[in-house]
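Here is a quick tour of some side-chain pairings, with a stop at one loop residue along the way. Have a look at the model before reading on.

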Amino acid sequence: MHTLLANRRRVLAGLATLTATMPTMAQAQSTLDAATLGVVADTAENQGTALQSALEQAASAGQTLRLPAGTIHVLGLDIPGNLVVEGVPGKTELRTLPDGTGISVYDRGSLVLRDIGFASGAAALTIEASDDIALERCRFRNAQIGVAIADAGVTVSDCNFTELGDAAIHAMNSRGLFIAGNRIDYCGNAGIRIWRSESGPDGSIVSGNRIANIRRDGGGNGQNGNGINIFKADEVIVADNHIADCAFTAVRLNSTKNSQVSGNTCLRSGEVAIFSEFAFSGSIIANNIVDGAATGISITNLDSGGQLAVCVGNIVRNITPNSAVNPDTVPIGIAAEAETAITGNTVQNVPGIAITAGYGPFLRNVLIASNVVSESMIGIGVSVVDGAGPVHIGGNAVTASDHAVVGLAWSEIVEPDLIANADRYPNVTLGG
């Protein structure tokens with residue numbers, strides 16, 4: 001009996017040892033070490049040839065390529081698809097030499113780049129004509145653009161972007177991006193740009209990112225200085241981001257359709273915090289916090305075809321008397337012009353008008369209802385010039401130091417008590 005028990009114990013011990021070593025053996029078989037293939041870190045010499053060979057060998061064999069710690073200098077790389085490339089977290093960096101062509105992914109698929117730093121160049125990393133590309137826990141710095149994307153489907157998650165001359169992420173004609181959980185700061189002109197050369201479906205999702213300290217080194221009156229800028233890209237969702245200290249705008253939608261901006265915290269914007277402008281159609285702006293801006297939320301440009309929006313459940317407060325970057329900006333909490341419902345918002349501390357509808361004749365079918373306004377000079381302003389379209393006002397709670405609800409001719413108050421004298425203006429109706 002004792003012999004049988006001893007034999008059983010030896011068999012079980014052997015099985016346990018075999019089971020414990022199997023993951024290590026599998027990892028050894030599935031991971032290729034770039035250092036063993038001649039890639040040397042922390043040398044000024046070009047490692048591009050050796051690294052390109054290692055990338056192609058790993059892709060061909062279906063293995064993960066592990067990069068060594070340290071700085072790896074290259075003149076250029078063409079990263080293949082069907083591959084996982086990993087660095088040592090916080091210690092591996094690929095840096096393009098001054099005369100190099102850069103690091104690129106062109107016409108690839110099924111690629112994961114993880115725990116790798118990218119630095120220098122017009123773009124630290126370029127991804128073009130590709131799909132199913134994932135960047136995870138990577139770092140981008142000391143370049144003009146962190147990631148330049150063209151005609152590609154890319155997931156960018158938990159990455160760090162800093163000290164970039166132009167933008168963290170610039171995407172043109174995307175195939176649908178998922179940009180989530182990244183940290184972006186100290187960029188010259190933009191945090192994230194999602195643009196299209198012609199208006200059309202894009203379907204990108206930008207969620208849970210922290211964006212701060214975006215300058216406008218390129219100047220202009222709004223094309224630079226934005227945390228998130230969506231241009232001609234339809235069906236984009238911008239949700240639950242924390243965006244602070246942008247020279248112009250936290251979230252800027254320009255000529256978009258069916259876009260959603262929700263749950264974002266927007267602090268200390270230099271111009272308009274959340275902007276839906278020009279030929280937009282179908283914007284939802286909901287449940288955002290705007291604290292500090294020259295204008296809080298602007299849904300305008302009926303003159304360019306901008307119309308159809310919902311502005312609901314937002315908190316807008318601490319609007320500044322003027323804008324340091326755009327002298328044309330006036331202190332307004334929420335502004336809208338056409339086919340827009342402004343409902344359930346709370347607006348506080350505006351040294352101007354808390355909520356406005358229309359500008360001159362550019363007003364059509366606006367509802368202002370069930371909002372709360374406090375600590376502002378003027379509660380609600382409505383355009384009442386000839387040609388201004390319908391607006392309905394009802395059920396708002398307004399506390400204002402100068403006037404509660406006024407009629408406007410452009411920027412001039414022509415009716416200081418619109419509630420009492422609404423019957424003089426056929427485009428205005430009251431309820432509740």
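## Around D115

Setting aside the neighbours within four places in sequence, D115 is in contact (heavy atoms within 4.5 Å) with G87, V88, P89, T92, E136, R137, C138 and R139. This is a predicted model, in which local features need pLDDT of at least 70, side-chain atom pairs count only at pLDDT 80 or more, and totals for chains, interfaces and linings use all residues. Residues are numbered from 1 along each chain as its sequence is written, and side-chain values use heavy atoms, with hydrogens and water left out.

D115 sits in the loop between β8 and β9. Strands here are DSSP runs (E, at least two residues), and helices are H or I runs of at least four, numbered from the N terminus. With a relative accessibility of 7%, D115 counts as buried; buried means under 20% relative accessible area, exposed over 50% and partly exposed in between, with a 1.4 Å probe and protein chains only.

One of the contact partners, R137, also makes a polar contact with D115, side chain to side chain, at 2.8 Å. A polar contact is a pair of N or O atoms within 3.5 Å; within protein, one must be able to donate a hydrogen and the other to accept it, and residues adjacent in sequence count only if both atoms are side-chain atoms. As for I228, that residue is 113 residues from D115 in sequence and 24 Å from it in space, C-alpha to C-alpha.

## Charged pairs

Side chains of opposite charge can pair when their charged atoms come close. How many salt bridges are there? The count comes to 19, taking a salt bridge as a side-chain nitrogen of Lys or Arg within 4 Å of a carboxyl oxygen of Asp or Glu. Three of them are set out here, with the N to O distance.

| Acid | Base | N to O distance |
|---|---|---|
| E136 | R114 | 2.8 Å |
| D217 | R215 | 3.0 Å |
| D291 | R317 | 3.3 Å |

E136 is in strand β10 (residues 123-136) and R114 in strand β8 (residues 109-114), so their bridge ties together parts 22 residues apart in sequence. Of these two, E136 is partly exposed at 22% relative accessibility, while R114 is buried at 18%. Shared partners join E136 and R114 with R66 and E86 into one salt-bridge network.

The D291–R317 bridge links distant parts of the chain as well: D291 lies in strand β26 (residues 289-293) and R317 in strand β29 (residues 315-319), 26 residues apart. R317 is partly exposed, with a relative accessible area of 36%. R215, the partner of D217, is partly exposed too, at 35%.

## Aromatic rings

A pair of aromatic rings is described by the distance of the centres and the angle of the planes. The structure has three aromatic pairs, meaning rings of Phe, Tyr and Trp (its six-membered ring) with centres within 6.5 Å; planes under 30 degrees apart count as stacked, over 60 as edge-to-face and the rest as tilted.

F118 and F140 have ring centres 5.1 Å apart and planes at 10°, so they are stacked. That pair links strand β9 (residues 117-119), home of F118, to strand β11 (residues 139-157), where F140 lies, 22 residues away. F140 also stacks with F161, at 4.7 Å centre to centre and 10° between the planes. F161 belongs to strand β12 (residues 160-172), so this second pair ties together parts 21 residues apart in sequence.

Are these rings buried or exposed? Both F118 and F140 are buried, F140 with a relative accessible area of 1%. F161 is buried as well, at 0%. Ring pairs join F118, F140 and F161 into a cluster.
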